[in-house]
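Grab a viewer and a pencil. Here is a model to work through, with a handful of exercises and a solution under each.

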Amino acid sequence: MLSISDINRKLMKPSTALSLVILCTFFSCKDDITIEGLWMVKSVQVGEEEMTPNARWTRFNADLTQESGNGRFQHSYGTWTLNEKTNQLKIDNSNGLIDSNEPFEISINDDEMIWQRQEEGQAVKVILERISQLPETYGDRILGLWQLEEATTNGRYFSESKNRELKDYVFFRWDKRFIIQSDQGRINGVYNVHGHKPEVELIPYGEPLKRDFWTIQFTDNEIILELLNSDTTVIRKFKRINRFPE
């Protein structure tokens, strides 16, 4: 008959011990999976359409409160409830509209979460990933002071950059206003950055100039703006600076 010590030695053989560690780790990891924390939307599918917002995030707190936003801007807050039997998630925004749709059915796998439901007869699928800090929108990245490096084609706030000293700049302020200083003078206005793609709308004050739309190409400390809906190629290239040119 095996003694207790013999049985213990058999149980603690390397292969057995390793199996126990793997088994414990598996169940521990499963127990650690939770909705609480910060999540970013990777994709939104509505019917056959892709409608993914730029840098949209939601934070679920342990006290059943939640807040959501895009980039560094938080625009909603409220509460959340999760039915653990049906895996149905309901989100209520205190400063928003009432959600009349059924709760989302959710599934969580490690650092990915999927929401699914029907809205107005269409299947909606949202995929989120767990993140540790707020993401940046195109609007966050364009903020600041930018000096002109190169301009092709005259007009549209700046003249061509050939054979002249460049002290021209555009300043995108946090309050959605812009200031342009160039050889054509000073121009003030407001701007809007698209919520789904890298585009900016410039709306200058006054009659001489009309609103227009530009694509934004981001590189390290540089942006390239290209005018949309134009018969000619109009490009403005800028570098980031931290003081106004003299």
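The exercises below go from the whole chain to single residues.

**Before you start**

This is a predicted model, so local features need pLDDT of at least 70 and side-chain atom pairs count only at pLDDT 80 or more, while totals for chains, interfaces and linings use all residues. Residues are numbered from 1 along each chain as its sequence is written, and side-chain values use heavy atoms, with hydrogens and water left out.

**Exercise 1. Get an overview of the chain and of the confidence in it.**

Step 1: take the secondary structure. The protein chain has 3 helices and 17 strands. Both are DSSP runs numbered from the N terminus: helices are H or I with at least four residues, strands are E with at least two.

Step 2: look at burial. Of the 246 residues in the protein chain, 33% are buried. Buried means under 20% relative accessible area, exposed means over 50%, and partly exposed is in between (1.4 Å probe, protein chains only).

Step 3: look at contacts, meaning heavy atoms within 4.5 Å. Among the contacts in the protein chain with a separation of 6 or more, 41% come from residues 24 or more positions apart.

Step 4: check pLDDT, the predictor's confidence in each residue, from 0 to 100. The average for the protein chain is 88, and 87% of the residues score at least 70. Residues 1-31 are another story: pLDDT is below 50 there, and the stretch has 6 contacts in the model beyond near neighbours in sequence.

**Exercise 2. Find the aromatic pairs and classify two of them.**

Step 1: set the rule. Rings of Phe, Tyr and Trp (its six-membered ring) pair if their centres lie within 6.5 Å; planes under 30 degrees apart are stacked, over 60 edge-to-face, and the rest tilted. The structure holds 9 aromatic pairs.

Step 2: try Phe60 and Trp115. Their ring centres are 6.3 Å apart and the planes sit at 70 degrees, so this pair is edge-to-face. Phe60 belongs to strand β3 (residues 56-60) and Trp115 to strand β8 (residues 112-119), so the pair links distant parts of the chain, 55 residues apart. Phe60 is buried at 2% relative accessibility, and Trp115 is buried at 7%.

Step 3: try Tyr157 and Trp214. Here the centres are 6.4 Å apart and the planes at 35 degrees, so the pair is tilted. Tyr157 is in the loop between β10 (144-152) and β11 (169-172) and Trp214 is in strand β15 (residues 212-219), so the pair ties together parts that are 57 residues apart in sequence. Tyr157 is buried at 2% and Trp214 at 1%.

Step 4: extend the picture. Phe60, Trp80, Phe104 and Trp115 form one aromatic cluster.

**Exercise 3. Which arginine lies over the face of Phe104, and which over Phe218?**

Step 1: a charge sits over a ring if NZ of Lys or CZ of Arg is within 6 Å of the ring centre and within 35 degrees of the ring normal.

Step 2: Arg117 lies over Phe104, 3.9 Å from the ring centre. Over Phe218 you find Arg141, at 4.3 Å from the ring centre.

**Exercise 4. Describe the largest pocket and the largest cavity.**

Step 1: on a 1 Å grid over the protein atoms alone, a cavity is a set of points where a 1.4 Å probe fits but cannot get out, and a pocket is an open set with protein on both sides within 12 Å along at least five of seven lines; lining residues have an atom within 4 Å of a point. Points are joined across faces, edges and corners, and a volume is the space filled by probe spheres set on the points.

Step 2: the largest pocket holds about 790 Å³. It is lined by 28 residues, with Arg56, Phe104, Trp115, Arg117 and Glu119 nearest its centre. β6 gives the most to this lining, with 5 residues.

Step 3: there is 1 cavity of 30 Å³ or more, and the largest cavity has a volume of about 50 Å³. Its lining includes Tyr157 and Trp214.

**Exercise 5. Is Glu120, with its positive phi, buried or exposed?**

Step 1: phi of Glu120 is near 50 degrees, positive in a residue other than glycine.

Step 2: Glu120 lies in the loop between β8 and β9, and at 81% relative accessibility Glu120 counts as exposed.
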